[in-house]
Amino acid sequence: MQRASSSNWLVQYFRSITLMFLFCCSIAVGSSQTARAADDLEQVALNLVTLLRSARAVISDNQGHINDAALGDKGLSGTAVVAKAKENFKKATGHDIADFLGDGLHGELLQVELDAIAAVMDDAQEVINEQGVGFKGFLPAIFARQVTEKFRAGTSKKADLKLTAPKNFVRNRANRPDKWEHAVIEDRFKSAGYPKGQPFGEKATKKGRPAYRLILPEYYKASCLSCHGDPKGERDITGGKKEGGKLGELGGAISVAIFD
Ligand code: HEC
């Protein structure tokens with residue numbers, strides 16, 4: 001009797017230790033899964049941003065060419081720009097974009113963005129190939145906004161991509177920062193000692209929907225200031241008013257949301 005009850009006690013003891021162990025394991029696995037999910041989303045968001053920058057660089061690299069009144073076909077079809085954007089993406093990340101394209105949501109969103117880039121360029125052919133016109137109003141920021149609009153429409157509300165700027169620098173009201181973007185720009189990006197160029201990401205909400213959000217700061221280069229620089233209020237080549245921005249100043253940001 002005595003022996004039986006003590007072995008019962010032992011069985012109970014080991015059972016509860018085992019249960020505790022399993023419980024702890026499940027917490028550990030659960031939290032590492034959450035951590036992995038956040039890492040993955042950060043990677044997806046960063047790649048979406050890098051692809052937008054890679055494509056926008058094709059437009060800035062070709063701005064002189066696009067503005068050349070003497071030229072007709074600029075050779076910047078959807079297919080051509082996508083191919084160059086892929087090259088730039090590889091230079092920036094060290095990865096072939098094809099490596100990500102089969103990868104679930106990651107691949108799906110990158111493909112939507114590639115399609116958006118191609119569609120914007122295909123739509124722009126008539127404008128950019130018109131002979132006899134110099135400045136055609138086809139600029140990197142306008143190209144980028146059009147890509148984000150098509151991306152937004154193409155993702156069936158799974159994700160969002162946006163070009164924005166500090167409130168005092170916003171030209172197009174459609175690009176105004178929302179509350180979350182405004183707070184990150186003012187409280188983090190503009191704070192002394194914030195590492196230049198470092199993206200910020202966290203779980204947050206967008207328009208009331210839970211999402212992983214990430215935003216990358218961008219700074220004015222000399223080439224930006226003919227439109228965004230001094231004297232403030234003077235008209236630039238586009239007819240818009242210059243913002244009075246300074247070289248190296250925080251001039252914009254690319255913002256991503258991936259909804260839960
Ligand atoms: C030829 C004039 C011109 C140049 C050069 C130029 N921009 Fe812009 N930028 C514009 C216009 C026009 C818009 C409004 C685009 C739109 O309608 O969405 C704009 C919009 C933006 C936006 C989106 C937020 C907003 O204000 O609506 C950012 C960010 C931006 N520019 C940054 C830059 C940076 C950084 C550079 C240099 C690398 C640059 N721009 C060069 C004319 C210019």
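1. The contact between two helices opens this note. In α5, the residues Leu 109, Val 112, Glu 113, Ala 116, Ile 117, Ala 119, Val 120, Met 121 and Asp 123 meet a set in α6 made up of Phe 143, Gln 146, Val 147, Lys 150, Phe 151 and Gly 154. The model under discussion is a predicted one.

2. The geometry of this helix pair can be stated as follows. Helix α5 covers residues 104-128 and helix α6 covers residues 140-154; the two pack at an angle of about 130°, and their axes are 8 Å apart. Because angles between 115 and 145 degrees count as oblique, α5 is oblique to α6. The crossing of α5 past α6 is right-handed.

3. Arg 56 belongs to helix α1, which runs over residues 2-61. Its relative accessible area is 17%, so Arg 56 is buried, the limit for that class being under 20%. Setting aside residues up to four places away in sequence, Arg 56 touches Pro 140, Phe 143, Ala 144, Leu 163, Glu 218 and Ile 254. Phe 143, one of these residues, is also among the α6 residues that α5 meets.

4. Lys 86 is placed in helix α3, residues 78-93. With a relative accessible area of 34%, Lys 86 is partly exposed. When neighbours within four places in sequence are left aside, Lys 86 is in contact with Ile 97 and Leu 114. Lys 86 and Leu 51 are separated by 35 residues in sequence, while their C-alpha atoms are 7.6 Å apart in space.

5. The loop between α6 and β1 contains Ser 156 and Lys 157, and the backbone at both residues deserves a reader's attention. Ser 156 has a phi near 40°, a positive value in a residue other than glycine. For Lys 157, phi is also positive, at about 60°, although Lys 157 is not a glycine. As to accessibility, Ser 156 counts as exposed at 56%, and Lys 157 is exposed with a relative accessible area of 63%.

6. A further backbone feature concerns a proline. The peptide bond from Asp 230 to Pro 231 is cis, with omega near -10°. Pro 231 is located in the loop between α8 and β4, the latter being residues 250-259.

7. Aromatic pairs come next. Searching the whole structure gives five such pairs. In one of them, Phe 169 and Tyr 220 are tilted with respect to each other, at 5.3 Å centre to centre and with 50° between the planes. Phe 169 lies in the loop between β1 (159-164) and α7 (179-189), whereas Tyr 220 lies in the loop between β3 (209-219) and α8 (225-228); the pair therefore ties together parts that are 51 residues apart in sequence. Phe 169 counts as buried at 6% relative accessibility, and Tyr 220 is buried at 7%.

8. Finally, two charged side chains are placed over aromatic rings. Lys 196 lies over the face of Tyr 219, at 4.5 Å from the ring centre. In the other case, the charged end of Arg 209 sits over the ring of Phe 259, 3.9 Å from the centre of that ring.

Methods
Residues are numbered from 1 along each chain as its sequence is written. This is a predicted model: local features need pLDDT of at least 70, side-chain atom pairs count only at pLDDT 80 or more; totals for chains, interfaces and linings use all residues. Side-chain values use heavy atoms; hydrogens and water are left out. Rings of Phe, Tyr and Trp (its six-membered ring) pair if their centres lie within 6.5 Å; planes under 30 degrees apart count as stacked, over 60 as edge-to-face and the rest as tilted. Helices (H or I, at least four residues) and strands (E, at least two) are DSSP runs, numbered from the N terminus. Buried means under 20% relative accessible area, exposed over 50%, partly exposed in between (1.4 Å probe, protein chains only). A charge sits over a ring if NZ of Lys or CZ of Arg is within 6 Å of the ring centre and within 35 degrees of the ring normal. Axes are lines fitted to C-alpha atoms, for helices over the stretch in contact, and angles run from 0 to 180 degrees between N-to-C directions. Angles under 35 degrees count as roughly parallel, over 145 as roughly antiparallel, 65 to 115 as roughly perpendicular and the rest as oblique. A crossing is left-handed if the near helix is turned anticlockwise from the far one by less than a right angle, and right-handed if clockwise. Contact means heavy atoms within 4.5 Å.
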